[in-house]
Amino acid sequence: MPASSSPPILPVPCVRLAGDRIYSCAVCRTHTSFHDDVISKAFQGRHGRAYLFNDVALPNVVLGEKEDRLLMSGLHTVRDLRCVKCQTTLGWKYEIAWERSQKYKEGKFILEKALVVCEW
Ligand SMILES: [Zn+2]
């Protein structure tokens, strides 16, 4: 197998979510998640209000590297979420919550209100 030094050109595997109420990237309108997956709208992101989601449309939203981040609610291991199309960082995923009281966030996703739009 020949080794290639140039990065592969990735196709953009966007899926269109089917549903009445959908959140999408505010920049390019790629679908990111269902309104039904919102757990809480009372979260704080880097740009103000943020939403906690049970799930996001992972072909459309890609995960970055794991990193430890000290948030207002304590230390968390998180991965940034980027829009696959325009590469905007839309929020993050909670991998590990180190405070016992924050464990319910593990495996959940934050999307910043300022970076997504709700369509219905
Ligand atoms: Zn986008």
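1. Gln87 counts as exposed in this predicted model, because 11 C-beta neighbours lie inside 10 Å and the exposed class ends at 12. The residue is found in the loop between E6 and E7. Its phi is near 70°, a positive value in a residue other than glycine. Most residues other than glycine have a negative phi.

2. Arg29 also has a positive phi although it is not a glycine, in this case of about 65°. Arg29 lies in the loop between E1 and E2, and the hairpin of these two strands has 5 residues between them. Arg29 is partly exposed, because 16 other C-beta atoms lie within 10 Å, a count between the limit of 12 for exposed and that of 20 for buried.

3. On the overall composition, the protein has 9 strands and 0 helices. Read from the N terminus, the order of elements is accordingly β-β-β-β-β-β-β-β-β. Buried residues account for 28% of the 120 residues. Of the contacts between residues at least 6 apart in sequence, 50% join residues that are at least 24 apart.

4. Strands E2, E1 and E9 form an open sheet of 3 strands, in the order E2-E1-E9, with antiparallel pairing. Strand E2 (31–34) and strand E9 (116–119) stand at the edges; each has a single partner strand, so one side of each is left without a neighbour in the sheet. From one strand to the next, the twist averages 30°.

5. The pairing of E1 with E2 is antiparallel and extends over 3 bridges. Among them, Ile22 has Phe34 in E2 as its bridge partner, while Ser24 is bridged to His31 in E2. The loop that joins these two strands is the one that holds Arg29, the residue with a positive phi near 65° in this hairpin.

6. Which residues does Val117 contact, leaving aside its neighbours within four places in sequence? The contacts are with Ser24 and Ala26. Val117 itself lies in strand E9, one of the two edge strands of the sheet. The C-alpha atoms of Val117 and Tyr23 are separated by 5.5 Å, although the two residues are 94 residues apart along the chain. Val117 is partly exposed, because 14 other C-beta atoms lie within 10 Å, which falls between the limits of 12 and 20.

7. The largest nonpolar core has 23 residues, and those with the most contacts inside it are Val61, Leu90 and Leu111. Two or more residues of this core come from each of strand E1 (22–25), strand E4 (48–53), strand E6 (74–83), strand E7 (89–97) and strand E8 (109–112). The largest share, 4 residues, is given by E7.

8. Val61 deserves a separate entry, as one of the residues with the most contacts inside the core. Not counting residues up to four places away in sequence, Val61 touches Thr32, Val56, Leu81, Arg82, Cys83, Val84 and Leu90. This list includes Leu90, which is itself among the residues with the most contacts inside the core.

Note on methods. Residues are numbered from 1 along each chain as its sequence is written. This is a predicted model: local features need pLDDT of at least 70, side-chain atom pairs count only at pLDDT 80 or more; totals for chains, interfaces and linings use all residues. A nonpolar core is a set of buried Ala, Val, Leu, Ile, Met, Phe, Trp, Tyr and Cys residues joined through C-beta atoms within 7 Å. Two residues are in contact if their C-beta atoms, placed from the backbone, lie within 7 Å. Two strands pair if DSSP finds at least two bridges between them. Axes are lines fitted to C-alpha atoms, for helices over the stretch in contact, and angles run from 0 to 180 degrees between N-to-C directions.
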